[in-house]
There are 4 protein chains.
Amino acid sequence: MVSEREIKVRPYECDSYGHVNNANYLNYLEYARFEFMRDAGFDYQGLRAAGYGMYVARIEIDYRLPAMVDDELLIRSWPVKRGVVSGVMAQKITRGGDTIAEANVTWAFVGKNGVPVRPPPEFDTSLLG
Amino acid sequence: MVSEREIKVRPYECDSYGHVNNANYLNYLEYARFEFMRDAGFDYQGLRAAGYGMYVARIEIDYRLPAMVDDELLIRSWPVKRGVVSGVMAQKITRGGDTIAEANVTWAFVGKNGVPVRPPPEFDTSLLG
Amino acid sequence: MVSEREIKVRPYECDSYGHVNNANYLNYLEYARFEFMRDAGFDYQGLRAAGYGMYVARIEIDYRLPAMVDDELLIRSWPVKRGVVSGVMAQKITRGGDTIAEANVTWAFVGKNGVPVRPPPEFDTSLLG
Amino acid sequence: MVSEREIKVRPYECDSYGHVNNANYLNYLEYARFEFMRDAGFDYQGLRAAGYGMYVARIEIDYRLPAMVDDELLIRSWPVKRGVVSGVMAQKITRGGDTIAEANVTWAFVGKNGVPVRPPPEFDTSLLG
């Protein structure tokens, strides 16, 4: 499954060059990953209520072209790898035919103590990849 | 040269888990890279005034342990690789003896048109690595 | 003239209660004021290029109801008062029939030195109220 | 009681003028109000754990002078008015002898349903003003 979301760049997300600042792309990507989970039907709130969490272990991001205020960006998110307690999601931000940024995000399930753990079966993690 | 800066986590930098959100680490790292340039005596304002810029082409970041409000973090930054128009800087965020995050940041010089370019010699880029 | 813009709340704009944090409303309002200037046909970029600026001198904001992630907010902006070098704009954020926040924002024109000043006549400031 | 905190402006908190953006001052003030509660010995975490909250109902802020990157700001916070379920706190941001911004912040206690309410007596709210 590939999840798609559009986002319009707001002026306060830009730096003194008029470009979206590097940190803000991570906000965009996080938003898009939550939307991926929503599209997949994954019960993230339930997971948290049951005492589990998901955390981001690693991000690799390539900045290809700067995005600017008013740009309409398309963010696509899809799973590329899956282990028992973790996985990798690919994400790509484009504007029209241009690639703005590409990322690989490694996530892991954690228990109450923050240690990676397999979640209970009622959380059908096959939904995540 | 290794540049060191301390930063204290502020409450509005944390997410609903009470952890520094992932995007904010990139703000911390950017701050520390500017401070590295300051320590190195690199004239970044002059570079911009002369029509050049530096942009971040790639970031790899590993999140090891969550940082929380009031944490006193130490950020160390040092160059690890150097080409003609680009370079890589390593950065490590620690809290006491614990590693919070580690990153490699690839940067490049660009001209007015945003294309990678070698800056004029008065910007002694050996200062950057 | 009343300018209207819609904004959808993104998860990273919310605090640990799941509510949009108070500071972020000011970002929303700033965005909407720029859009007001755009709707009015005011040449803000030209004003800055000519060495002038506009700054916010005072904000009064009443928070009526919390906004949450995914909320679709409507922001209306309209001028309520006008002096020679300054003015007041009213702004109201609503969600459906509910008022989320109301603000009065006092702005002023400034010259290069940051001192309030009347801009040159080619900037038809009647557009602002 | 007057609570004092120092904050050093970070580059990513500044806008394209090189000034701290208006929204960020509200983050600074929020930080300083939490520190006021800490200084006063008020058990805010306990209040939340007991199902109560505090919310900001109104902010009036006057921006006097712009703050810039590296500025060392002093934020002073003190109570100026107190009702049964609400109160007003004054806050002043200075840099050396200069006033950067002044604010009055109206807050209220709320119960689980978000309605203003008197908290139970074990939360000695006299600590807040």
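Two residues are in contact if their C-beta atoms, placed from the backbone, lie within 7 Å. This is a predicted model, in which local features need pLDDT of at least 70 and side-chain atom pairs count only at pLDDT 80 or more, while totals for chains, interfaces and linings use all residues. Residues are numbered from 1 along each chain as its sequence is written, and chains are lettered from A and ligands numbered from 1 in the order in which they are written.

Q: Which residues does C:Val105 contact beyond its neighbours within four places in sequence?
A: C:Val105, which belongs to strand 5 (residues 98-110) of chain C, touches C:Leu29, C:Arg33, C:Val56, C:Ile59, C:Val88, C:Met89 and C:Gln91 once those neighbours are left aside. Its partner C:Val56 is 49 residues away in sequence, yet the two C-alpha atoms are 7.0 Å apart in space.

Q: Why is C:Val105 counted as buried?
A: The term requires 20 or more other C-beta atoms within 10 Å of a residue's own (12 or fewer is exposed, in between is partly exposed). C:Val105 has 23 C-beta neighbours inside 10 Å and therefore counts as buried.

Q: Which residues of helix 1 of chain A are buried?
A: The buried residues of helix 1 of chain A include A:Asn22, A:Tyr25, A:Leu29, A:Ala32, A:Arg33 and A:Phe36.

Q: What makes the span of helix 1 of chain B agree with expectation?
A: The expected span is 1.5 Å times one less than the number of residues. Helix 1 (residues 22-40) of chain B has 19 residues and should therefore span 27 Å, which agrees with the 28 Å between its end C-alpha atoms. In chain A, helix 1 likewise reaches 28 Å, close to the expected 27 Å. Just after helix 1, A:Gly41 takes a positive phi of about 80 degrees, and B:Gly41, following helix 1 of chain B, has a positive phi near 80 degrees.

Q: Why is helix 1 of chain A called roughly antiparallel to helix 1 of chain B?
A: The two helices pack at an angle of about 170 degrees, with their axes 8 Å apart. Set against the cut-offs (under 35 degrees roughly parallel, over 145 roughly antiparallel, 65 to 115 roughly perpendicular, the rest oblique), that angle makes the pair roughly antiparallel. Among the residues making this contact are A:Asn22, A:Ala23 and A:Glu30 of helix 1 of chain A and B:Asn22, B:Ala23 and B:Glu30 of helix 1 of chain B.

Q: How many residues does each of chains A and B bring to their contact, and which element of chain A gives the largest share?
A: Chain A and chain B each bring 16 residues. On the side of chain A, helix 1 and strand 2 (53-63) each supply at least two residues, and strand 2 gives the largest share, 9 residues.

Q: Why can chains A and B be said to meet through the same surface?
A: Of the interface residues of chain A, 100% are also interface residues in chain B, so the copies meet through the same surface. A turn of 180 degrees with a shift of 0.0 Å along the axis lays chain A on chain B with an RMSD of 0.0 Å.

Q: What supports confidence in chain A?
A: On the pLDDT scale (the predictor's confidence in each residue, from 0 to 100), chain A has a mean of 92, and 100% of its residues reach 70 or more. Among its elements, helix 2 (residues 44-49) has the lowest mean, 87, and strand 4 (residues 86-95) the highest, 97.

Note on methods. Helix = DSSP H or I, 4+ residues; strand = E, 2+ residues; numbered from the N terminus. Least-squares fit on C-alpha atoms with pLDDT ≥ 70 in both. Axes fitted to C-alpha atoms, helices over the stretch in contact; angles between N-to-C directions.
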